[in-house]
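Here is a short report to read beside the model. It moves from single residues to helices, strands and the contact between chains.

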2 protein chains.
Amino acid sequence: MTDNRVYLFDSTLRDGAQTQGVDFGVADKIAISMALDAIGLDYIEGGWPGANPTDDAFFKDPPAFEKAGFVAFGMTRRPGRSAENDPGLSALLNSKADSICMVGKAWDFHVDVALGISQSENIDMIGESVAHCLTRKGEAMFDAEHFFDGYKSNRQFAMDCLKAAHGAGARWVVLCDTNGGTLPAEIERIVGEVCEEIPGTHVGIHCHNDTENAVANSLLAVKAGARQVQGTLNGLGERCGNANIVSLIPSLMLKTDFEIGVSDANLKQLTHISHLLDERLNRAPARNSAYVGESAFAHKGGLHVSAVEKDPRTYEHIDPALVGNQRHIVVSDQAGRSNILARLREIGINIDSGDAKVSALVEHVKAREYEGYAYDGAEASFELLAQRALGAVPEYFSLNRFRIMDDRRWNARNELVTESEATVTLEVSGQPKMEVANGNGPVNALDTALRKALVPVYPSLEDMHLVDFKVRILTPAAGTGAVTRVMIESADGEGRRWTTVGVSTNIIDASFNALHDGITWKLMQDGAAVPSGR
Amino acid sequence: MTDNRVYLFDSTLRDGAQTQGVDFGVADKIAISMALDAIGLDYIEGGWPGANPTDDAFFKDPPAFEKAGFVAFGMTRRPGRSAENDPGLSALLNSKADSICMVGKAWDFHVDVALGISQSENIDMIGESVAHCLTRKGEAMFDAEHFFDGYKSNRQFAMDCLKAAHGAGARWVVLCDTNGGTLPAEIERIVGEVCEEIPGTHVGIHCHNDTENAVANSLLAVKAGARQVQGTLNGLGERCGNANIVSLIPSLMLKTDFEIGVSDANLKQLTHISHLLDERLNRAPARNSAYVGESAFAHKGGLHVSAVEKDPRTYEHIDPALVGNQRHIVVSDQAGRSNILARLREIGINIDSGDAKVSALVEHVKAREYEGYAYDGAEASFELLAQRALGAVPEYFSLNRFRIMDDRRWNARNELVTESEATVTLEVSGQPKMEVANGNGPVNALDTALRKALVPVYPSLEDMHLVDFKVRILTPAAGTGAVTRVMIESADGEGRRWTTVGVSTNIIDASFNALHDGITWKLMQDGAAVPSGR
């Protein structure tokens, strides 16, 4: 039934970017949007073209999405200016977006206090902006800011704002609880009343979590008739965040009769995509997240565990495998044999689950995770770990030693300069190689020296470069016991991007481990041959 | 109206203690329960007497509560044994609790699979246990485990379980969504149906957050008739946690017609009590918590800030002071002049908006942001930047040079080791200081050497240490133009935590800049004096 189809609109890269401490680069936006498209989201809002250089760059050269509509966010035209002559609208229309989402006021108080214009001018701004967008783009939407406060303050005006957008041809009018203060029962009632005047198949909902009800408010809006839901990965967003699309997806799919564009197979990627975002943000995933948290299906010893062993339904509301998560028994950890098998299949390794190599790999992964390694977001390192367990990774080179110097001093022209210099001694097929190089810091110098030594033997390394470098200190409370985890993203001339991880008590050591994996992965992809020793 | 009175039941010390990694001692239980009593909670569940030594000790000598009922948790009598001869029940009745809360099965599937007893025996266990409790205690309650799953599986049996407790005189029958899988609309419907057969003034609700709906489910249960709500501070609890009582209290008080036992004055303690729990658990409070999080009333965008300054209701759903929280203006690349002025007032600098120093500061912030600095999340560096623009920051020390060496090699015991060593040459009041130190990496070695040189002059630096270290490469697409941003979080013995930022093309340089700010901020807080030069 068409009426049961709910459209998912992700705003991680736009409203989620308002989160305190979050600052996406273009590489982040590309990686996250591609993951969202792959899982089956209907709309991906990429940012606000014209507002900052990152969004301009992203909208100039966006990835090609398989399924999702690519949405640009902006404002309706300014007061006292025609839509045709509004530079903000022009930036939206000149972007490579499929669809334009424009925000405008729907609360009379805001029109009076914040804008200081007449209510009829506000309504004209909405209708004219939507109409103008549709001259250039196939789809336009209207985000009705503060809709619920506006509806309670002046119902007629709030509805007139929606009708101006709907009447001008907006595909969706989106009811935004901008301040996040509306409670579930009120959301349900108001959305129901709106859907009596505007068909719910054109009504969207956009909730914030200021009362910890954003997910429930979104679900109740759908129950009341709305058919588009806006949210963000992991509930990212300013203040207390937006509705968490990671919680909404499985609740809609597994617990209601509504239909969304995510397949059962893609639902299994949910835990992975949630962790991917956290890795991009360089922060630890919350253990207690609904559906995808490490503790979401954790059972402490005793009664629960034996009941769960008899029948998991006794203490689990869904099968964790449906969302790519796993049961976690705190006393005797059964960690992830099937999960690892699934991931092996994912990277093209088909192996019998009874093979002794699988047990060895499971043990190895557990040991590495105990040391502080994290393979969510470092797929290239996981792939190497798996291939090594199967004996399939050549030793392209081995390191004998390195020495790095960082020197900050006044140079001959009386400028304060910092120089980093690395000397490496390594072996390729038993032949020693020694090289020295400068860099923007110790890791960059080390990377440069390594590749200076290796390029003559493996020419394809020439076009490989370091794209991103992230550091996290683990167990910082432990003082001297602290361990450093480094994640390195590399890229090459063929458009490949891959991430590797290294862990050590010494940050330079951890960086070398991640660099070593990065170079090895690249050489394997290129099918490089280890030269025979002389 | 009596019907509008909702009773709050806190389970932080019982169900909250099931959280992975949480382990309350007796001192924690005393401090937390006294804070809960002071804020006006109706019931405080202290634990399970007879289950472990901590709970035994706590129930032997509990604090004297001014208002709250002190509740002991346990199980209904075992099968095949009389209530009088059940050692578990005896432990409850011998405790100093005012009230006993007993859990029992209400899902036929559990009775069949987990217990393996007849349904009538289960119903007898409930009624007889409640009746027996009331021979010794003034109040008994029944937690109906898995009530919602049970109701959907076998409505008659689930209701018979409730009625057995209610009929035997239980003050409350509590509907538990034990697996946390029930969605809001279903909770509302089922609670409404239950309240048609058992008066809502005897019905309680106990929700878990496995679908991120625990708070909404609790609110909707109250709307449907239930008059007792169980929850935990900060949503503590196993898996994804319990309903967060910190979110429930202000929503009920400020946004509904229901009455609870918390006064307006005590509501102002809400942020404090939430942080108190985190301190007891030795973890950083979540910035994005509803009502009480540091970001809950944070404003980032320039447009939002100027509107909030005109009238806070434009972008705040409640006055933050009502819950003891405060407005927070975030400085970021979206910052306008009004953001910066608001932020200056927040750190206690009152300056006329027309002052030329403000223009200079705005320009300076913009220039630094263009270089890659980010002050969102590095408040200490922003404060120094502002104070420097006003000429108020002493130069505690200046760096002449540093040299750092990282060496990876085989040591005498044939182990591969990496060593980092830093030499610094700096000046304090014209006096040169030179020191050398080892570390877990170049930054750690540099930090150690700097403080080795400075502690003799500024002894308060002794208890300062590095807590977190984050690195980000900016504009990675620019190749050689890439810049590194380092964020360093520091802490001291007085419980202060502060974050500083440094940017450079060289990561070591960027780290030094962030360290320099971190040390300077600490010395300013301590009111340290620069020694006069000899």
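Leaving aside its neighbours within four places in sequence, which residues is A:Gly69 in contact with? The model is a predicted one. In it, A:Gly69 is in contact with A:Asp42, A:Tyr43, A:Asp98, A:Ser99 and A:Glu139, once neighbours within four places in sequence are set aside.

**Around A:Gly69**

A:Gly69 sits in strand 3 of chain A, residues 69–75. Is A:Gly69 buried or exposed? A:Gly69 counts as buried, because 20 C-beta neighbours lie inside 10 Å. The cut-off for buried is 20 or more, so a count of 20 qualifies. A:Asp447 is another matter: 378 residues separate A:Gly69 and A:Asp447 along the chain, and their C-alpha atoms are separated by 39 Å.

A:Glu186 belongs to helix 8 of chain A, residues 184–194. A:Glu186 has 18 C-beta neighbours inside 10 Å and therefore counts as partly exposed. Its C-alpha lies 8.9 Å from that of A:Asn217, with the two positions 31 residues apart in sequence.

**The annotated span**

The UniProt record, an unreviewed entry, lists residues 6–268 of chain A as "domain: Pyruvate carboxyltransferase". In the model, that span is 42% helix and 16% strand. Its end C-alpha atoms lie 19 Å apart.

**Two helices of chain A**

Helix 1 of chain A covers residues 26–39, which is 14 residues. At 1.5 Å a residue, the helix should span 20 Å. The end C-alpha atoms are 20 Å apart, so expectation and model agree.

Which residues of helix 1 of chain A are buried? They are A:Asp28, A:Lys29, A:Ala31, A:Ile32, A:Ser33, A:Leu36 and A:Ile39. These buried residues pack against several elements of chain A. Among them are strand 1 (7–10), strand 2 (43–47) and helix 2 (53–60). Helix 11 (264–267) and helix 12 (270–280) of chain A are packed against as well.

Helix 16 of chain A runs over residues 379–389. Its buried residues are A:Ala380, A:Ser381, A:Phe382, A:Glu383, A:Leu384, A:Ala386 and A:Ala389.

**Positive phi in chain A**

Where does phi turn positive? The table gives four residues with their places.

| Residue | Place in chain A | Phi |
|---|---|---|
| A:Gly40 | follows helix 1 | near 110 degrees |
| A:Gly391 | follows helix 16 | near 70 degrees |
| A:Asn414 | loop between strand 11 (398–410) and strand 12 (416–428) | near 65 degrees |
| A:Ser429 | loop between strand 12 and strand 13 (431–439) | about 50 degrees |

A:Asn414 is a residue other than glycine, yet its phi is positive. A:Ser429 is not a glycine either. Are these two exposed or buried? A:Asn414 is exposed, with 6 other C-beta atoms within 10 Å. A:Ser429 counts as partly exposed, because 14 C-beta neighbours lie inside 10 Å.

**Strand 2 of chain B**

Strand 2 of chain B spans residues 43–47. Why is this strand largely enclosed by the rest of the structure? Because 5 of its 5 residues are buried.

Strand 2 of chain B pairs with strand 1 (residues 7–10) of chain B in the parallel sense, over 2 bridges. There, B:Phe9 has B:Tyr43 of strand 2 as its bridge partner. The chain passes from strand 1 of chain B through helix 1 (residues 26–39) of chain B to strand 2 of chain B. This β-α-β crossover is right-handed.

Strand 2 of chain B also pairs with strand 3 (residues 69–75) of chain B. That pairing is parallel and has 4 bridges. Within strand 3 of chain B, B:Phe70 stands opposite B:Ile44. Strand 2, helix 2 (residues 53–60) and strand 3 of chain B make a right-handed β-α-β unit.

**Where the chains touch**

How many residues does the contact take from each chain? Chain B gives 82 residues and chain A gives 83 residues. On the side of chain B that touches chain A, strand 11 (residues 398–410) of chain B supplies the largest share, 9 residues. The residues on that side divide into 31 nonpolar, 28 polar and 23 charged.

The two copies of strand 11 meet here. Strand 11 of chain A pairs with strand 11 of chain B in the antiparallel sense, over 7 bridges. A:Arg403 stands opposite B:Asp407 in strand 11 of chain B.

How values were computed. Residues numbered from 1 in each chain as written. Chains lettered and ligands numbered in written order. Predicted model: local features only at pLDDT ≥ 70, side-chain atom pairs only at ≥ 80, totals over all residues. Expected span 1.5 Å × (residues − 1). Buried ≥ 20, exposed ≤ 12 C-beta atoms within 10 Å, placed from the backbone. Contact = placed C-beta atoms within 7 Å. UniProt positions renumbered as here; feature names shortened; annotations may be inferred. Nonpolar A, V, L, I, M, F, W, Y, C, P; charged D, E, K, R; others polar. Pairing = 2+ DSSP bridges. Right-handed = clockwise from strand over helix to strand, strands pointing away.
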